[in-house]
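Trainee: Got a minute to walk through this one with me? I'd like to begin with the core.

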Amino acid sequence: ACPIYGQHEFPKGFKKATSREVQPELRKLVLERDNWKCQICFKSIDEIELHCHHILPINESPIESADVSNCVTLCKKCHKEVHKIPGCRFSELRCDINDL
């Protein structure tokens, strides 16, 4: 008789974060803020897998790692491209989203 049993909290196409991704609650807040769209190519969650990308890396700014304003929604393809920017490779973990 519970009205919320079996209901879904996330929209169709939402997948749980990968092991390298941010906290699930933070990811959900960032994706909601960005209207469930990649902020580079503007594809939606209905079209493509979305990631939550830290602008300042966790190892550089651990306190800000849980700040919604330090994250941006990117699709998987754009996320890979962002990490090709010099200074933002996974080994360097530093980037500026405006370099794209």
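Mentor: Happy to. This is a predicted model. In its largest nonpolar core, which has 16 residues, Cys38 and Leu50 touch the most other members.

Trainee: Which elements supply residues to this core?

Mentor: H1, E1, E2 and helix H2 (76-82) each supply at least two residues. The largest share, four residues, comes from E2. As a general point, nonpolar side chains in soluble globular proteins tend to be buried together.

Trainee: And what does Cys38 touch, leaving out residues up to four places away in sequence?

Mentor: Cys38 touches Lys43, Leu50, Thr73, Leu74, Cys75 and Cys78.

Trainee: Let me step back a bit. How many helices and strands does the protein chain have?

Mentor: Two helices and two strands. From the N terminus on, the order of the elements is α-β-β-α.

Trainee: How much of the chain counts as buried?

Mentor: Of its 100 residues, 34% count as buried. The accessible surface of the chain comes to about 6800 Å², and 54% of that belongs to carbon and sulfur atoms.

Trainee: What about long-range contacts, what share comes from residues 24 or more positions apart?

Mentor: Taking the contacts with a separation of 6 or more, residues 24 or more positions apart account for 52% of them.

Trainee: OK, on to H1. Which of its residues are buried?

Mentor: Leu26, Arg27, Lys28, Val30 and Leu31 are buried in H1. The buried residues of this helix pack against E1 and E2.

Trainee: A lysine in that list! Which residue does Lys28 meet in a salt bridge?

Mentor: Glu32, with an N to O distance of 3.1 Å between the side chains. Because Lys28 and Glu32 are four residues apart in helix H1, about one helical turn separates them.

Trainee: Why does Lys28 count as buried?

Mentor: Its relative accessible area is 18%, and the cut-off for buried is under 20%. Glu32, at 36% relative accessibility, counts as partly exposed.

Trainee: How many salt bridges are there in total?

Mentor: The count comes to three. One of them joins the side chains of Asp34 and Arg33, at 2.9 Å from N to O. Asp34 counts as buried at 10% relative accessibility, whereas Arg33 is partly exposed at 40%. Another is formed by Lys84 with Glu81, where the closest N and O atoms are 3.1 Å apart.

Trainee: Is Lys84 buried or exposed?

Mentor: Exposed, at 51% relative accessibility. Its partner Glu81 has 38% and counts as partly exposed.

Trainee: Back to the end of H1 for a second. Which residue just after the helix takes a positive phi?

Mentor: That's Asn35, with a phi of about 60°. A little further along you reach Lys37, which sits in the loop between helix H1 (24-33) and E1.

Trainee: What does Lys37 touch, again not counting residues up to four places away in sequence?

Mentor: Phe42, Lys43, Ser44, Leu50 and Thr73. Lys37 counts as partly exposed, since its relative accessibility is 33%. You can also look at Lys37 and Glu49: they are 12 residues apart in sequence, and their C-alpha atoms are 9.7 Å apart in space.

Trainee: Changing topic, what's going on in the loop between E1 and E2? Where does Pro57 fall on the buried or exposed scale?

Mentor: Pro57, in the loop between strand E1 (50-54) and strand E2 (71-75), counts as buried because its relative accessibility is 6%. From Pro57 to Cys71 it is 14 residues in sequence and 9.5 Å in space, C-alpha to C-alpha.

Trainee: Is Asn70, in the loop between E1 and E2, worth a look too? I mean, which residues is Asn70 in contact with beyond its neighbours within four places?

Mentor: Let's look. Asn70 is in contact with His53, His54, Ile55, Leu56, Glu64 and Ser65. A polar atom of the Asn70 side chain lies 2.8 Å from the backbone nitrogen of Leu56.

Trainee: And why is Asn70 classed as buried?

Mentor: Its relative accessibility is 4%, so Asn70 counts as buried.

Trainee: Great, thanks for the tour!

Methods. Residues are numbered from 1 along each chain as its sequence is written. This is a predicted model: local features need pLDDT of at least 70, side-chain atom pairs count only at pLDDT 80 or more; totals for chains, interfaces and linings use all residues. Side-chain values use heavy atoms; hydrogens and water are left out. Buried means under 20% relative accessible area, exposed over 50%, partly exposed in between (1.4 Å probe, protein chains only). Contact means heavy atoms within 4.5 Å. A salt bridge is a side-chain nitrogen of Lys or Arg within 4 Å of a carboxyl oxygen of Asp or Glu. Accessible areas come from the Shrake-Rupley method with a 1.4 Å probe; for residues, only the protein chains shown count as cover. A polar contact is a pair of N or O atoms within 3.5 Å; within protein, one must be able to donate a hydrogen and the other to accept it, and residues adjacent in sequence count only if both atoms are side-chain atoms. A nonpolar core is a set of buried Ala, Val, Leu, Ile, Met, Phe, Trp, Tyr and Cys residues joined through side-chain atoms within 4.5 Å.
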